[in-house]
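Me: Got a minute to go through this one with me? I'd like to start with any enclosed holes.

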Amino acid sequence: MKNCLAIFDLDGTLFDTTEVNYYAYKEALQMYGYNLNHDFFTEECNGRHYKEFLPVIVANLDHIEEIHNYKKKAYSKYLSKAIMNEHLIRMIPQIQKIYHTAVVTTASRKNCMEILEWFQIDKMFELILTHEDITQVKPNPEGFLKAMDYFKVDAKKTIIFEDSNVGIMAAEASGASVMIVDKF
């Protein structure tokens, strides 16, 4: 019986989805008359929750949810631009021998499942928690703590793979060990 847990972030950890998100948001924003600069997106928006960066771009805050919903629909068109972290993904079958495996992401369930299925790795994870499953986004550790609770594994027997500052802060706040994914 497994009594350890490995939790993986999605964007920036399992996949580099910068270009996928950029093109999906660019398309969504163009529908509302906004142009999204690539450098601005990669430096100021990528890895952050849409409710943090869209208000900086969009004058009419009533459109934020509509833009985000459009982005979620456009996302699948750009999946070929994603880059898989092959080294980490190749390690998961070995990790699974000892650890339960989970994805915890602030991405939408729709977009999370689309990319996991696109790369045919959705079955590698016993639990997938997305934005819809939590009330507080990273740097709050809620998602990680929910995964630990689900498997009844405490923080001392949990390792979290993360890349972003807010994700690392959330992982550290959970009390688990943290593996920082920097480049792949």
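Me: How many cavities of 30 Å³ or more does the count come to?
Reply: The count comes to 1 cavity of 30 Å³ or more. Keep in mind that this is a predicted model.

Me: What volume does the largest cavity have?
Reply: About 40 Å³.

Me: Which residues line the largest cavity?
Reply: The lining is V104, T105, T106, I134, Q136, K138, N140, P141, G143, F144 and A170. By class, that lining divides into 5 nonpolar, 5 polar and 1 charged.

Me: OK, now pockets. What's the volume of the largest pocket?
Reply: The largest pocket comes out at about 820 Å³. It has 40 lining residues, and the closest to its centre are D11, T17, N46, G47 and R48.

Me: Which helices and strands each supply at least two residues of that lining?
Reply: Strand 2 (15-16), helix 1 (18-30), helix 2 (38-45), helix 3 (50-57), helix 4 (64-74) and helix 8 each do.

Me: And how does the lining of the largest pocket split by class?
Reply: There are 13 nonpolar, 15 polar and 12 charged residues in the lining of the largest pocket.

Me: Switching to the sheet. What's the strand order?
Reply: This is an open sheet of 5 strands in the order 5-4-1-6-7, and the pairing is parallel. Strand 5 (127-129) and strand 7 (177-180) are the edge strands, each pairing on one side only. On average, neighbouring strands of this sheet are turned by 20° against each other, direction ignored.

Me: How many bridges join strand 1 to strand 6?
Reply: 4 bridges join strand 1 (residues 4-8) to strand 6 (residues 158-162), and the two run parallel. Among the residues involved, A6 has I159 in strand 6 as its bridge partner.

Me: What does helix 7 touch when it packs on the sheet?
Reply: Helix 7 (residues 142-151) touches strand 1, strand 4 (99-104), strand 5 and strand 6, and its direction makes about 150° with that of strand 4. Helix 8 (residues 165-174) also packs on the sheet, touching strand 6 and strand 7, with its direction at about 170° to that of strand 6.

Me: Last topic, aromatics. How many aromatic pairs are there?
Reply: The count comes to 10 aromatic pairs. One of them is F15 with F119.

Me: Why is the F15 and F119 pair called tilted?
Reply: Their ring centres are 4.9 Å apart and the planes sit at 35°, so the pair counts as tilted.

Me: Which parts does that pair tie together?
Reply: F15 lies in strand 2 and F119 in the loop between helix 6 (109-118) and strand 5, so the pair links parts that are 104 residues apart in sequence.

Methods
Residues numbered from 1 in each chain as written. Predicted model: local features only at pLDDT ≥ 70, side-chain atom pairs only at ≥ 80, totals over all residues. Heavy atoms only, no water. 1 Å grid on protein atoms, 1.4 Å probe; cavity = no way out; pocket = protein on both sides within 12 Å on 5 of 7 lines; lining within 4 Å. Points joined across faces, edges and corners; volume = space filled by probe spheres on them. Nonpolar A, V, L, I, M, F, W, Y, C, P; charged D, E, K, R; others polar. Pairing = 2+ DSSP bridges. Axes fitted to C-alpha atoms, helices over the stretch in contact; angles between N-to-C directions. Contact = heavy atoms within 4.5 Å. Phe/Tyr/Trp six-rings, centres within 6.5 Å; stacked < 30°, edge-to-face > 60°.
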